[in-house]
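Biologist: I would like a close look at a single part of this model, the surface patch and what lies around it. Please take it step by step.

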Amino acid sequence: MILERTKDEILVRLPANMDITELQNMLDYLDYKEKTADSKATQKQVDELARTVNKKMWTKFKAQRNK
């Protein structure tokens, strides 16, 4: 693995035989950290939003399944 810092980015070079699924999970986590770095939301607000989204998605899924 090679880690390189430039003026604008951090580059990570990995061998081609890496497990792509684990690598994607890591990249998803880093993407989440980048997008939420300046967030002022509390954990309680995040949990409530997640519950609301999950409930709406489940309702939509059930409606589509019952057609």
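Which elements each supply at least two residues of the nonpolar patch?

Modeller: This is a predicted model, and the elements in question are β2 and α1, each of which supplies at least two residues of the nonpolar patch. The patch on the surface is formed by M1, L3, I10, V12, L14, M18, M26, L27, Y29, L30 and Y32. Together these residues have about 1100 Å² of accessible area. The largest share of the patch is that of α1, with five residues.

The strand side of the patch can be placed through the pairing. Strand β1, residues 2-5, is joined to β2 by four bridges, and the two run antiparallel. The connection from β1 to β2 is a hairpin through four residues. Within this pair, L3 stands opposite V12 in β2, and both L3 and V12 belong to the nonpolar patch. In a regular strand, side chains alternate between the two faces of the sheet. Another member of the patch is L14, and L14 is found in the loop between β2 and α1.

The largest pocket draws on some of these residues. Its volume is about 210 Å³, and its lining consists of M1, I10, V12, L14, L23, M26, L27 and L30. The elements that give two or more residues to this lining are β2, residues 10-13, and α1, residues 20-36. Here too α1 has the largest share, with four residues of the lining. By class, the lining has eight nonpolar residues, no polar ones and no charged ones.

Put side by side, the patch and the pocket lining both include M1, I10, V12, L14, M26, L27 and L30. L23 is listed in the lining of the pocket, while L3, M18, Y29 and Y32 are listed in the patch.

Technical notes: Residues numbered from 1 in each chain as written. Predicted model: local features only at pLDDT ≥ 70, side-chain atom pairs only at ≥ 80, totals over all residues. Heavy atoms only, no water. 1 Å grid on protein atoms, 1.4 Å probe; cavity = no way out; pocket = protein on both sides within 12 Å on 5 of 7 lines; lining within 4 Å. Points joined across faces, edges and corners; volume = space filled by probe spheres on them. Nonpolar A, V, L, I, M, F, W, Y, C, P; charged D, E, K, R; others polar. Pairing = 2+ DSSP bridges. Patch = residues over 30% accessible without salt bridge, like charges linked within 9 Å, V, L, I, M, F, W, Y side chains within 5 Å. Areas by Shrake-Rupley, 256 points an atom, 1.4 Å probe, with all protein chains shown as cover. Salt bridge = Lys/Arg side-chain N within 4 Å of Asp/Glu carboxyl O.
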